[in-house]
Amino acid sequence: MTNKIFMLGTFIGVPLSVIGTLMHWPTMVLFTIYCLSIIALASYMGRATESLAIVAGPRIGGLLNATFGNAVELIISIFSLKAGLVGVVLASLTGSVLGNLLLVAGLSFFIGGLKFKRQKFNVHDARHNSGLLMFAIIVAFVIPEVFSMEMNEPKTLTLSIGISIILIALYLAALFFKLVTHRGVYQSAESEAAAAAGHHEQPEWGKWKAIIILLIATLAVAYISENLVHTFHYVAESFGWTELFIGVIIVAIVGNAAEHASAVLMAVKNKMDIAVEIAVGSTLQIAMFVAPVLVLFSLMFETKMPLVFTLPELIAMVSSVLLMVIISNDGESNWFEGLTLVAAYFIMGIGFFLL
Amino acid sequence: MTNKIFMLGTFIGVPLSVIGTLMHWPTMVLFTIYCLSIIALASYMGRATESLAIVAGPRIGGLLNATFGNAVELIISIFSLKAGLVGVVLASLTGSVLGNLLLVAGLSFFIGGLKFKRQKFNVHDARHNSGLLMFAIIVAFVIPEVFSMEMNEPKTLTLSIGISIILIALYLAALFFKLVTHRGVYQSAESEAAAAAGHHEQPEWGKWKAIIILLIATLAVAYISENLVHTFHYVAESFGWTELFIGVIIVAIVGNAAEHASAVLMAVKNKMDIAVEIAVGSTLQIAMFVAPVLVLFSLMFETKMPLVFTLPELIAMVSSVLLMVIISNDGESNWFEGLTLVAAYFIMGIGFFLL
Amino acid sequence: MTNKIFMLGTFIGVPLSVIGTLMHWPTMVLFTIYCLSIIALASYMGRATESLAIVAGPRIGGLLNATFGNAVELIISIFSLKAGLVGVVLASLTGSVLGNLLLVAGLSFFIGGLKFKRQKFNVHDARHNSGLLMFAIIVAFVIPEVFSMEMNEPKTLTLSIGISIILIALYLAALFFKLVTHRGVYQSAESEAAAAAGHHEQPEWGKWKAIIILLIATLAVAYISENLVHTFHYVAESFGWTELFIGVIIVAIVGNAAEHASAVLMAVKNKMDIAVEIAVGSTLQIAMFVAPVLVLFSLMFETKMPLVFTLPELIAMVSSVLLMVIISNDGESNWFEGLTLVAAYFIMGIGFFLL
């Protein structure tokens, strides 16, 4: 039923996006078409990922998901950097962190929790992720902020480059840890049973069909997203929003639509391991991979991007991480914990709206 | 024995308070009478609450307790707001948070721990409370502080109103979660056994007698507290204290005497679930209910109150929450953990005294 | 094999240090000799401590270790204070906290984790230590920083003295808790088994031989360290380093060589209880004993030392504590957690280098 609506959305939305862009339809109309198309495409990405997840196991499935969600953001950000919009890139990185950590995880916990009283996820993974969140946000993002207050610009950039290289190296080490040296070491009896049960589940699509759908949908999302970005300035003016608000809130919601769709889908099916992996894994990919890669990329362009956020952006990320760490550290969720995360997102949304 | 002393304190102190107030006795004398009367009355409130707790179960008992403790503070604060004393109200909110989190919990852990080597409380409740403390203090209090630095006053007030509504909504949702959808879900076998054992315990007073004593004592405490507040300015001058110190330290100690008395009472009886519920529950009620209600109330008065604390107040609350979260998160306490909390309170007390 | 190298290092390095100092050899040569001698001596301290640890049990062994490591720093700092170098003392305190918490613990976790997939340590001790880290750094160090912004100098010093006395009192209370009232209370079955197994292990040296070696090595380290400090100014100039970098990074690495050596040694033998006790216990001794003792000592000298770090120093310590608390709180470690801590140390190292 819902699948049919999304199919219609895709097969009407994508062609309309292409035609509308070429024919320069009114910006407000394009904005609406773009958003709906991306949400429709996201459902395909979610279903394709789920099929792959059944085939490949929960961990690789979650990683794939986070990767495809953030490829879009990486492409958009590189184009923005090329145009010198450093502030917008930092704002949308902040927005992705807040969006994944508070909104994606929050909605998953909330909607999943309406159906199940207590939902469990691998407590070892949760703690592993907590350590990385602390490292990425509270060490690697906070230090350049504070130290840059007493540094000149070239030194701040040097510090940013050093931290970026360390972030990427540790991100790769984390993958090596998860996939090679400690693969399955922290698997609980429960999640093993779930994994075993998962084998009996039939994937909607075969491996290759799923991969092809995932690739095509990703390309389509990327194409539409890029056009979407160019409508933001006009939309902001029409609604009286600041560009910071667009970057932090709108880019994050639309850019993470794929994660939203598939994380909530997994939560409703009580596959919390995957839902959390999508939300937190995506946050970590943004903070430990996309952000430092963008810092290094910016060296090729005229305007360099130091790893220095504005104070409101930084504090919003730090308090989100502390909240998420405390809420997720027991390896359990319920509707109220989800609501708490969503409420924190709303508080920050109001803040960035008024800023 | 002690009960007789408190009975004397009440039946001598309360009439003396009324007569002394009407006859304008010297302020220093009144101050002493007021304080002793409140402490005596608090013992009645503690015993009445305990009787009710035995009848109604530990959770409702704890909630009742926190409610009656903070009703007093809400009334005092509304009168202060009417008089335009926004700074004093924010200081006394800070003081209540610090007092409940560090002094009430600290003394409970310490004195309880002198009698019992290890005291346990429900770890699920502790984690639930940790999430809420993080949300209330580190998200909802920190965000307006940081964002207001780059905002004008009307926007700061709008942000404060938005956050206040979200805080109250989440507080009500938390009650709904605890009392309706997840009532007893996280009850451990131990606490069920304790609850079962509790049924055999005889309450000191019957349900209605306890309620009537609780109501009358609350009214008396409210009446005396209000008069007590008017002596603060004089007392501050006599002792060379600042009004900030009065707000943060003195109001908190006297205003939370009821919580102190009953939390320590519970700790000595090894009913740590109730002791923690009183200390942390009371903190949460202050932060998520009393503070936002006061922000909304202030809109009716000439001087509006934004949810923006001074930096020392905010940092004191943030570090208290982080300390409490780490100390309580294992669901166990001992005398040393109590001493650590009390030591933190002393550090902040010295700080506010010198400020 | 390695023992022979260290023996050579000691019996050649120490005499050379004495002769070189007396004969005023070139500073760069002395610097190298001093560093190598200390590292060689540290191995003796490590082996002596290990022998004592086997005799005295893991806890006392860990305490002894931390004590001997920090005696050196206390002596150096007192001489620095006498010379009025308050900034260098605060920097080297920061460096010791960062070095022990991130580098010593990080290398122990990393190198131990290369050999063992999962290493466990007493989770109760880890949580006890987490509470103390929070108290010492996030309460006792943060409060004077923030409050001093709105205070004059004499008040800041009064606050520092008050906090110092509370820190020392709580440190002594913590020892009383660990060694008297709660000795063995939190011992897990595993660590008891390990302790029992430990009794079968043969110490390298007898009790008195170990104590004598420990004492002589400590004296030699102290003598060489003091001379080493006087080479720092020259070395800094030669390499273009700031004195802050010397204080935070170089002093910490060389000054904590003993802890490094013995903690890693213990980790490789899978005695994580001792390794963690060395790293975190040493941090706590610096923060709760060495730092406040130095504040009180400075009252005798012309230049008083308030407990007020620079903002970069404070933020570096706070984020290190938060990272360590999250990583150690589950009572387990692996190579990746070690690498995360070391990566955080590098980020801070780059920061202080550029500052």
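**Salt bridges, symmetry and surface of a predicted three-chain model**

Q: In this predicted model, how many salt bridges are counted over all chains?
A: The criterion is a side-chain nitrogen of Lys or Arg within 4 Å of a carboxyl oxygen of Asp or Glu. By this rule, the count over all chains comes to twelve.

Q: Which residue forms a salt bridge with Glu204(A), and is that partner buried or exposed?
A: The closest N and O atoms of Glu204(A) and Arg47(A) are 2.8 Å apart, and the two residues form a salt bridge. The pair links distant parts of the chain, 157 residues apart: Glu204(A) is in the loop between α7 and α8, and Arg47(A) is in helix α2. Glu204(A) is partly exposed at 44% relative accessibility. The partner, with a relative accessible area of 11%, is Arg47(A), and its state is buried.

Q: In chain B, how many residues apart are Glu204(B) and Arg47(B)?
A: Glu204(B) and Arg47(B) form a salt bridge, with 2.9 Å between the closest N and O atoms. Glu204(B) is partly exposed at 43%, whereas Arg47(B) is buried at 12%. Glu204(B) lies in the loop between α7 (189-200) and α8 (207-239), Arg47(B) lies in helix α2 (residues 27-56), and their separation along the chain is 157 residues.

Q: Which parts of chain C does the salt bridge between Glu332(C) and Arg118(C) tie together?
A: The closest N and O atoms of this salt bridge are 2.9 Å apart. Glu332(C) is buried, with a relative accessible area of 9%, and Arg118(C) is partly exposed at 28%. Glu332(C) and Arg118(C) are 214 residues apart in sequence, so the pair ties together strand β2 and the loop between α4 and β1.

Q: Which residues of chain A are linked in a network of salt bridges?
A: A salt bridge pairs Lys or Arg with Asp or Glu. In chain A, such a network links Arg118(A), Lys120(A) and Glu332(A).

Q: Which kind of axis relates chain A and chain C?
A: Chain A can be laid on chain C with an RMSD of 0.1 Å by a turn of 120° and a shift of 0.0 Å along the axis. The two copies are therefore related as by a three-fold rotation axis.

Q: Which helix contributes the largest share of the nonpolar surface patch of chain A?
A: The patch of about 460 Å² is made by Val18(A), Ile19(A), Leu22(A), Met23(A) and Tyr223(A). One of these, Leu22(A), counts as exposed at 62% relative accessibility. The largest share, three residues, comes from helix α1.

Q: With which side chain does the side chain of Asn100(C) make a polar contact?
A: Asn100(C) lies in helix α4 (residues 86-115) of chain C. Asn100(C) is buried, because its relative accessible area is 0%. At 3.3 Å, its side chain makes a polar contact with that of Ser282(C).

Q: Which residue has its backbone nitrogen 3.1 Å from a polar atom of the Asn152(B) side chain?
A: Asn152(B) lies in the loop between α5 (123-148) and α6 (153-181) of chain B. Asn152(B) is partly exposed, with a relative accessible area of 43%. The backbone nitrogen at 3.1 Å from its side chain belongs to Lys155(B).

Q: How many disulfides does the structure hold over all chains?
A: A disulfide requires a pair of cysteine sulfur atoms within 2.5 Å. Cysteines are present, including Cys35(A), buried at 13%, and Cys35(C), buried at 14%. The number of disulfides over all chains is zero.

How values were computed: Residues are numbered from 1 along each chain as its sequence is written. Chains are lettered from A and ligands numbered from 1 in the order in which they are written. This is a predicted model: local features need pLDDT of at least 70, side-chain atom pairs count only at pLDDT 80 or more; totals for chains, interfaces and linings use all residues. Side-chain values use heavy atoms; hydrogens and water are left out. Copies are superposed by least squares on the C-alpha atoms of residues with pLDDT of at least 70 in both. Patches are made of residues with over 30% relative accessible area and no salt bridge: like charges are joined within 9 Å, nonpolar side chains (Val, Leu, Ile, Met, Phe, Trp, Tyr) within 5 Å. Accessible areas come from the Shrake-Rupley method with a 1.4 Å probe; for residues, only the protein chains shown count as cover. Helices (H or I, at least four residues) and strands (E, at least two) are DSSP runs, numbered from the N terminus. Buried means under 20% relative accessible area, exposed over 50%, partly exposed in between (1.4 Å probe, protein chains only). A polar contact is a pair of N or O atoms within 3.5 Å; within protein, one must be able to donate a hydrogen and the other to accept it, and residues adjacent in sequence count only if both atoms are side-chain atoms.
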